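I opened this notebook to record what I looked up in the structure, entry by entry. The first matter I take up is one residue and its surroundings.

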Amino acid sequence: MITRAILKIKSDAKVSVTGTDIDTADIVWHDNNPTNITKEQIKSKIQEMQYWYDRKSEYPSIIEQLDMQYWDNVNGTTTWKDAIAKVKSDNPKG
């Protein structure tokens, strides 16, 4: 997760990470960290990534969503829109 967070901050970063806890991980910059990415920035990006992962897991599967859309079209209902709106209202953007 640490490496992915760093690469989200700077996609061409040359880095290797040993450990999974940002506070104790050994981060080795193979490009001398030219943009001076800090552990605080990495922590913030990890939290952001976790939020989006958690929110994503709340959505119905694509198959379920397509089925909802089909039946909404047939029945004139709003089941799909209601389901998506609930996920968005239960998990507002940070």
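Entry 1: W29. I listed the contacts of W29, setting aside its neighbours within four places in sequence, and found I6, A13, K14, V15 and I37. The model I consulted is a predicted one. I located W29 itself in strand β2. I also looked up the separation between W29 and K39, which stand 10 residues apart along the chain, and noted 13 Å between their C-alpha atoms.

Entry 2: overall fold. I counted four helices and two strands in the protein chain. I then read the order along the sequence as α-β-β-α-α-α. The radius of gyration of the protein chain is 19 Å, well over the 12 Å given by the globule rule for 94 residues, so I recorded the chain as more spread out than a compact globule. For the extent of the C-alpha trace along its principal axes, I noted about 60 × 20 × 20 Å.

Entry 3: helix α1. Which residues of α1 are buried? I found I2, A5 and I6 to be buried in this helix, which comprises residues 2–9. Viewed down the axis of α1, the buried residues fall within an arc of 100°, so I noted that they line one face of the helix. As a general point, an α-helix has 3.6 residues a turn, so residues three or four places apart point the same way. On the other side of α1, I found R4 and K8 exposed. I next looked up what the buried residues of α1 pack against, and recorded β1 (15–18), β2 (26–29) and α2 (39–58).

Entry 4: K45. I placed K45 in helix α2. Is K45 buried or exposed? Its relative accessibility is 19%, and the cut-off for buried is under 20%, so I entered K45 as buried. Leaving aside neighbours within four places in sequence, I listed A5, K8 and I9 as the contacts of K45. Of these, A5 is among the buried residues of α1, whereas K8 is exposed.

Entry 5: totals for the chain. I noted that 24% of the 94 residues of the protein chain count as buried. For the accessible surface of the chain I recorded about 6,900 Å², with 53% of it belonging to carbon and sulfur atoms. Taking contacts between residues at least 6 apart in sequence, I found that 39% join residues at least 24 apart. Lastly, I looked up the charged side chains and entered 13 positive and 14 negative, the centres of the two sets lying 5 Å apart.

Note on methods
Residues are numbered from 1 along each chain as its sequence is written. This is a predicted model: local features need pLDDT of at least 70, side-chain atom pairs count only at pLDDT 80 or more; totals for chains, interfaces and linings use all residues. Side-chain values use heavy atoms; hydrogens and water are left out. The radius of gyration is taken over C-alpha atoms; the globule rule is 2.2 Å times the number of residues to the power 0.38. Buried means under 20% relative accessible area, exposed over 50%, partly exposed in between (1.4 Å probe, protein chains only). Contact means heavy atoms within 4.5 Å. Accessible areas come from the Shrake-Rupley method with a 1.4 Å probe; for residues, only the protein chains shown count as cover. Lys and Arg count as positive and Asp and Glu as negative; His and the chain ends are not counted. The place of a charge is taken as NZ of Lys, CZ of Arg, CG of Asp or CD of Glu. The arc is that of the directions from the helix axis to the C-beta atoms.
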